[in-house]
Amino acid sequence: MSCGNPVAGADALMQRRKKYDKTKNCLKCKVAQGNLVIRHAVYCKDCFLPLVVHKFRRALEPTVNPTPDGPRRTALKPAGNLLVGFSGGLGSSVLLDLVHRCYVALDKSTMPADGGRDHPRHERVWKKVTVCYVEVCDAFPGMKDRTDEIAQAVKRYDELDFMPLRIQDAFDRSWWERIGGRPLPSELGVSLVDEALLLESLSSPAGDPLGSLRTYLSSLPTPTAVTTSVQTLTRLLLLHTALQTGSSHLVLGTSLTSLAVSLISGVTQGAGYNIREEVQEEWTPEPEACASPDGPQPEDEGTRKRKAGKRTVRVVRPLRDIGMKECAAWAWWARVPIVGKEKWGWAGAKPGIGTLTKDFIVGLEKDYPSTVSTIVRTCGKLAPKGKVSGRCILCGRPAQRGVQEWKSRISIRSQPAPPSLTTASADYASVPTAAAVSDLLRPSLTPYLCYACHTTLTSKSARPVPSPWPEAAQSPVVTLPVWTEARLSSAQGGDTEVAHVHGEIMQTRRVGQDEMKGIVDEFLLDD
């Protein structure tokens with residue numbers, strides 16, 4: 001680039017910034033010429049492939065044993081099988097290839113050189129490895145069903161079981177009973193017309209699961225809420241499938257780049273309290289939702305802890321130290337076929353927070369290669385504040401105590417206009433109507449939700465949002481996912497009253513002057 005002065009010579013030209021720091025030779029072997037530049041570090045092909053395997057093993061193997069340890073010194077003995085969440089994208093395709101090479105085919109090129117031929121680390125770790133794919137084409141119009149393509153991609157690997165699911169299984173009662181869930185006695189729905197999120201019994205049985213899914217998505221307020229809900233449904237389907245297959249570990253193909261996007265987009269949507277669960281989490285199902293049909297059996301505390309340990313699913317992201325560029329290089333050199341994924345969206349809908357965050361971070365990564373790793377390292381230093389009040393009934397992650405009370409104090413809400421204060425209605429203004437009292441006493445979904453899920457269901461857009469399924473039947477009460485219904489049904493007290501899963505429900509109502517005076521009357525001193 002010239003400085004514009006015709007007299008200036010070649011010394012005035014601006015030098016192009018180098019893609020690497022010091023030399024073109026490989027950083028590790030220092031002999032071969034580099035084939036790939038990663039964050040200004042140069043690697044040749046022969047050194048890069050073992051590096052990816054090392055990062056993969058370093059992230060996964062310390063979490064294999066029931067008691068996680070640091071640098072692994074003992075044999076790998078997981079408590080159950082392994083479930084691989086597969087989407088057909090770049091990250092999950094690389095993950096599946098690495099899992100098969102390292103733990104199924106036992107490729108010698110991926111084995112550590114130390115320890116000898118008969119070392120326990122060279123034995124097969126998981127007896128059974130299952131690949132689960134959740135098809136989401138029915139959630140968005142115009143998407144292609146890729147189940148057959150995914151099945152062919154998985155078929156190229158030996159000794160792997162393939163289990164396809166569909167996103168509408170989250171509303172399918174027969175699927176819930178097949179995986180061992182307790183039969184649901186009645187169908188509950190939620191009203192999404194206001195922030196109260198009142199629970200109601202459905203007047204008529206819900207139709208097919210596909211119709212329930214589309215009605216649920218069409219009732220959500222924003223495109224961000226739709227994509228976030230589909231991600232939540234997919235994650236819960238994988239977790240319950242892990243229980244069904246007896247898997248103690250669920251591995252996901254979230255690369256370093258995807259992890260940075262998930263962390264930032266989660267914080268912007270109110271999921272900062274669960275920032276650690278985005279990296280690694282341990283999920284245990286609620287005992288009342290998946291209990292035995294014979295009813296609860298008396299057990300001591302030790303038995304309960306052992307059963308809870310067997311039913312715990314550890315979610316691990318082994319590619320969290322491997323960026324998107326490194327995944328692409330592995331897929332190219334290892335000849336891993338990529339089925340690909342379509343973008344989630346529909347006509348007229350604007351990009352959601354997740355899409356905007358991804359575009360921003362990926363664009364920033366091109367000019368500043370350390371952006372992604374800096375985001376992940378910084379978020380790893382954060383710790384949630386406040387006590388846990390339980391698990392969210394919708395997403396299954398920890399919910400912070402006192403969130404709804406805090407939100408009610410800081411939020412600006414529009415209240416209905418009071419009746420005109422005539423002589424006949426002066427007393428009426430200070431006393432709540434029967435309908436208002438009835439709404440206050442009706443059970444609500446709000447106390448069961450975490451802050452992020454409550455915001456997803458109630459945060460409305462200032463502009464009208466086109467529905468992904470305009471032809472779907474619009475209903476004031478929508479069906480809930482089957483695991484949410486199971487927990488609500490197990491928390492019922494009496495015929496219609498629903499008890500709060502965390503203990504008590506705080507109510508706010510208008511109190512008349514006479515009622516207030518009657519409450520404090522016995523504490524007043526006589527004149």
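## Strands, helices and cores in a predicted model

Val-190 stands opposite Leu-199 in strand 7. On another side of the pairing, Val-190 stands opposite Val-478 in strand 13. The model is predicted. This report starts from that residue and works outward.

**The three-stranded sheet**

Val-190 belongs to strand 6, residues 188-191. Strand 6 and strand 7 run antiparallel and are joined by 3 bridges. Strand 6 and strand 13 also run antiparallel, again with 3 bridges. The result is an open sheet of 3 strands in the order 7-6-13, with antiparallel pairing. Strand 7 (199-201) and strand 13 (477-479) are its edge strands, each pairing on one side only. Neighbouring strands here are turned by 45° against each other on average, direction ignored.

Which way do the side chains of strand 6 point? Leu-188 and Val-190 point one way, Gly-189 and Ser-191 the other way. All four are buried. In a regular strand the side chains alternate between the two faces of the sheet.

**The six-stranded sheet**

A second open sheet has 6 strands in the order 5-4-3-8-10-9. Its pairing is mixed. The edges are strand 5 (161-166) and strand 9 (281-283), and each pairs on one side only. Neighbouring strands in this sheet are turned by 25° against each other on average, direction ignored.

Strand 8 (residues 247-252) pairs with strand 10 (residues 313-316) in the parallel sense, over 3 bridges. Within that pair, Leu-250 stands opposite Val-315 in strand 10.

The strand pairs described so far compare as follows.

| Strand pair | Sense | Bridges | Opposed residues |
|---|---|---|---|
| Strand 6 and strand 7 | antiparallel | 3 bridges | Val-190 and Leu-199 |
| Strand 6 and strand 13 | antiparallel | 3 bridges | Val-190 and Val-478 |
| Strand 8 and strand 10 | parallel | 3 bridges | Leu-250 and Val-315 |

**Helices 1 and 2**

Helix 2 (residues 90-104) lies across strand 3 (81-85), strand 4 (129-135) and strand 8. Helix 2 runs at about 155° to strand 3.

Helix 2 also packs against helix 1 (residues 45-60). The angle is about 85°, and the axes are 11 Å apart. That makes helix 1 roughly perpendicular to helix 2. From helix 1, the contacts come from Val-52, Val-53, Phe-56, Arg-57 and Leu-60. From helix 2, they come from Leu-95, Leu-98, Val-99, Cys-102 and Tyr-103. Cys-102 is buried, with a relative accessible area of 1%.

**Helix 15**

How many residues of helix 15 are buried? The count is 7 of its 8 residues, so this helix (residues 451-458) is mostly covered, with buried meaning under 20% relative accessible area. The buried residues are Ala-452, Cys-453, His-454, Thr-455, Thr-456, Leu-457 and Thr-458. The cover over them includes helix 5 (209-218), helix 6 and helix 12 (403-410).

Leu-457 deserves a separate look. Leaving out residues up to four places away in sequence, Leu-457 touches Leu-192, Leu-197, Tyr-216, Leu-220, Pro-221, Leu-394, Leu-445 and Leu-449.

**The nonpolar cores**

In soluble globular proteins, nonpolar side chains tend to be buried together. The largest nonpolar core here has 59 residues. Ile-167, Leu-445, Leu-449, Leu-457 and Trp-483 have the most contacts inside it. Helix 6 (residues 223-244) gives the most to this core, with 9 residues. Apart from it lies another core, of 44 residues. Phe-48, Val-52, Val-99 and Val-125 are among its members. Val-52 in helix 1 and Val-99 in helix 2 are also among the residues where those two helices meet.

**Cysteines**

How many disulfides does a search of the whole structure find? The search finds 0. Cys-44 is in no disulfide. The nearest cysteine sulfur belongs to Cys-47 and is 3.5 Å away. A disulfide here needs sulfur atoms within 2.5 Å, so the 3.5 Å of this pair does not qualify. Cys-44 is buried, with a relative accessible area of 4%.

**The whole protein**

The protein has 17 helices and 13 strands. Of its 527 residues, 44% are buried. Among contacts between residues at least 6 apart in sequence, 75% join residues at least 24 apart.

Note on methods: Residues numbered from 1 in each chain as written. Predicted model: local features only at pLDDT ≥ 70, side-chain atom pairs only at ≥ 80, totals over all residues. Heavy atoms only, no water. Core = buried A, V, L, I, M, F, W, Y, C linked by side-chain atoms within 4.5 Å. Buried < 20%, exposed > 50% of the residue type's maximum accessible area, 1.4 Å probe, protein only. Contact = heavy atoms within 4.5 Å. Pairing = 2+ DSSP bridges. Axes fitted to C-alpha atoms, helices over the stretch in contact; angles between N-to-C directions. Parallel < 35°, antiparallel > 145°, perpendicular 65-115°, else oblique.
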